[in-house]
Amino acid sequence: MTDELQAVTSRAAHSRPAGHQRWAFCAIAGGLVFAFALTSHPRLVAGGEYDQYLQIAEDLGRGIVRDDAFHPLLYPELTAAAGLLLGAFAGGKFVSAIAFAALLASVHRLLAVRLGNAQAWLPTLAIGIQPPLFLLGPQVASDMLGTALIVAGYGWALAGSGPRKWFWAGVAFGAAVATRQNLLVHVPCLLVLSMLEPGRMRRGLVVLGGLLLGVLPHVVPRLWCFGSAFGSRNWQNIVLKYQLDYDMQALVDLPEGAAAAMLREHWWQWAQRGVLDCIDWWVRGMPEQLLGAAVRSPMAAWSTSLVISAAVLVAIVRRQRSAALLFVAAIVHAGSVCLVFRPEPRVMMPSLVALAVATMLVAAHWGRRGAAVAATLWLIAGLAQVPSALAAFRALHHEAEVAVAQQLVRERGELTQLAGTYPFLDREVQCLSVTMIHPFGGRRDVAAAELWQRLEAVRRVRPASLFVIGRVGRLFDLACDADLPPQWRRLRRDDDVVVLERLPDHPLQLRMAAAVWRTGPLHLEVGAGDGGPDPAWLGVVLVGPGNVELRLPFVREPGRAPVLQLPAGQLATGEWRLVPLALQRDGTIQKGEERRIVVE
């Protein structure tokens with residue numbers, strides 16, 4: 001197809017009525033995703049939401065700009081704005097759902113140039129129904145918005161018309177960088193694309209102007225508050241991937257200088273491994289991320305990879321510019337991700353969408369029927385994996401861990417100190433303190449001793465006595481089966497959750513004269529064992545009829561056990577629960593074994 005004919009086709013396909021129809025259909029799709037998000041996504045999950053964009057948006061809503069140059073501000077800003085009406089969590093879902101709708105509109109726009117407006121809907125639906133894509137729509141993360149902006153930029157550059165298309169392509173790419181820094185790798189692709197047409201210098205300047213405008217939502221507040229616009233710790237991800245096998249706690253414990261020395265020493269070997277990882281993704285990972293369970297067998301994955309590789313060659317030989325450039329963009333993005341991090345579907349989404357669109361455009365080389373056949377097969381593969389993908393998405397919500405943690409707080413009280421593998425447990429329970437246990441990443445050669453070392457390391461950062469461990473690889477296996485050291489006990493073990501308790505080194509022991517109090521004063525005494533720390537506060541919590549609660553301090557004198565004497569009549573009749581409590585000087589809350597007394 002000549003450039004002149006392509007331009008005519010583009011203008012016909014993108015007439016105003018066609019554009020209105022496109023946005024109407026895509027708005028319906030975005031509305032369905034938003035409804036799914038409100039009904040089926042009750043709490044944050046690991047993955048993109050682990051990056052704390054919701055928490056950054058909540059801070060923005062309170063007028064606080066975090067000093068976090070690694071996570072750009074555009075998505076949190078939009079989430080905070082939507083949160084004024086919907087609340088931050090629902091607002092983030094709304095922004096992602098709108099981005100999903102915009103992504104479908106851009107996909108349809110790219111396909112309509114070759115297929116026509118009506119015939120482009122089937123392949124657009126086939127791409128949009130793939131679970132790795134539409135399940136990003138409900139999430140409060142920047143992945144969907146970043147992907148939508150990149151695809152929109154390519155849509156303007158390859159399918160747009162008029163002199164302003166390069167400016168709007170630049171704005172979209174700048175906004176993408178203000179959403180996810182790793183999308184910066186697409187900017188050279190856009191600049192090269194702008195140089196392929198006459199007037200390259202002027203077009204390059206227009207693109208740069210759009211880029212600067214698009215990145216302003218991140219740059220302005222960063223410069224205003226901190227004097228710097230961007231910062232990146234992606235290089236630490238390289239060490240995390242190749243040296244530490246994604247063991248996040250090991251990265252936290254590793255001094256930055258030591259990590260930098262590792263990178264300087266091994267950068268060439270790691271770069272080679274990154275290239276091999278990219279090839280492995282192309283052969284095995286990419287087919288499964290595109291088509292799911294339909295290509296999980298090695299033969300099916302290799303066949304799919306060969307088909308898409310052949311499509312790349314066809315696009316180059318036949319000089320199908322849009323398809324060839326989308327293939328190049330997909331490969332550039334995949335290579336940059338595989339070098340730095342694991343190729344998860346969410347971070348590979350710009351590559352996956354570009355590959356899908358480009359493959360459909362190549363299939364259209366055999367006429368609209370060829371594109372329809374390819375889209376139908378793609379659609380069937382997507383629909384087949386929806387049930388299993390939805391089940392996996394529900395499992396990400398850590399329902400069992402959250403329920404167990406909430407039950408522990410109800411049983412132990414608000415002074416409970418928890419640690420858990422669910423990253424957002426602090427948003428689900430109200431207690432004295434909650435911290436996170438980092439799993440062992442991809443490591444399998446972990447000895448039982450490392451489990452107890454890791455849990456003790458958590459306690460050194462923030463005091464915790466109860467550890468709620470979900471199904472997170474080797475950490476869960478060890479928590480289930482490892483022999484317990486003397487100060488540990490296993491409170492719960494089932495298919496989903498293990499609960500471990502760290503007993504105090506010097507347990508509090510409450511002593512009283514009798515279990516029934518009738519007359520005279522009540523004499524209580526507490527002991528903390530020999531060599532125990534001197535607490536900042538030592539007392540007893542008494543909970544009686546009607547949940548009346550009293551907190552009374554013990555009298556401490558040198559050389560004598562702490563004592564408490566209650567006069568007759570101070571406690572109402574009925575059963576009382578007594579729990580000795582010590583506030584240690586390091587912030588630890590220590591509770592002794594509960595005793596019961598009946599007041600008559």
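A search of the whole structure, which is a predicted model, finds 28 salt bridges. The points below take up several of these pairs, then the strands that two of the charged residues belong to, then a nonpolar patch on the surface, and finally two loop residues with an unusual backbone angle.

**Salt bridges**

- Five residues, namely D143, R180, R342, E344 and R346, are linked with one another in a network of salt bridges.
- Within that network, the side chains of R342 and E344 meet in a salt bridge with an N to O distance of 3.2 Å, and R342 counts as partly exposed because its relative accessibility is 29%, a value that lies between the limits of under 20% for buried and over 50% for exposed.
- R551 and E549 form another salt bridge, in which the closest N and O atoms are 2.9 Å apart.
- Both members of this pair are partly exposed, R551 at 41% relative accessibility and E549 with a relative accessible area of 44%.
- E575 forms a salt bridge with R596, the closest N and O atoms of the two being 3.2 Å apart.
- Because E575 lies in strand β12 and R596 in strand β14, this pair ties together parts that are 21 residues apart in sequence.
- E575 counts as partly exposed at 43% relative accessibility, and R596 likewise counts as partly exposed, with a relative accessibility of 43%.

**Strand pairing around β14**

- Strand β12, which covers residues 574–583, runs antiparallel to β14, and five bridges join the two strands.
- In this part of the structure R577 stands opposite R596 of β14, while the salt-bridge partner of R596 is E575.
- Strand β14, made of residues 595–599, also pairs with strand β7, residues 516–517, in the parallel sense and over two bridges.
- The residue of β14 that serves as bridge partner of W517 is V599.
- As a general point, the side chains in a regular strand alternate between the two faces of the sheet.

**Nonpolar surface patch**

- L84, L85, L86, F94 and I98 together make a nonpolar surface patch of about 560 Å².
- Two helices, α4 (74–86) and α5 (88–115), each supply at least two residues of this patch, and the largest share, three residues, comes from α4.
- One of the patch residues, L84, has its place in helix α4, and L84 counts as exposed because its relative accessibility of 73% is over the 50% limit for that class.

**Loop residues with positive phi**

- D245 has a positive phi of about 55° although it is not a glycine, and its place is in the loop between α12 (234–242) and α13 (248–253).
- With a relative accessibility of 31%, D245 counts as partly exposed.
- R319, which is not a glycine either, has a positive phi of about 55° and is found in the loop between α15 (298–317) and α16 (321–340).
- R319 is exposed, since its relative accessible area is 76% and the exposed class begins over 50%.

Technical notes:
Residues numbered from 1 in each chain as written. Predicted model: local features only at pLDDT ≥ 70, side-chain atom pairs only at ≥ 80, totals over all residues. Heavy atoms only, no water. Patch = residues over 30% accessible without salt bridge, like charges linked within 9 Å, V, L, I, M, F, W, Y side chains within 5 Å. Areas by Shrake-Rupley, 256 points an atom, 1.4 Å probe, with all protein chains shown as cover. Salt bridge = Lys/Arg side-chain N within 4 Å of Asp/Glu carboxyl O. Helix = DSSP H or I, 4+ residues; strand = E, 2+ residues; numbered from the N terminus. Buried < 20%, exposed > 50% of the residue type's maximum accessible area, 1.4 Å probe, protein only. Pairing = 2+ DSSP bridges.
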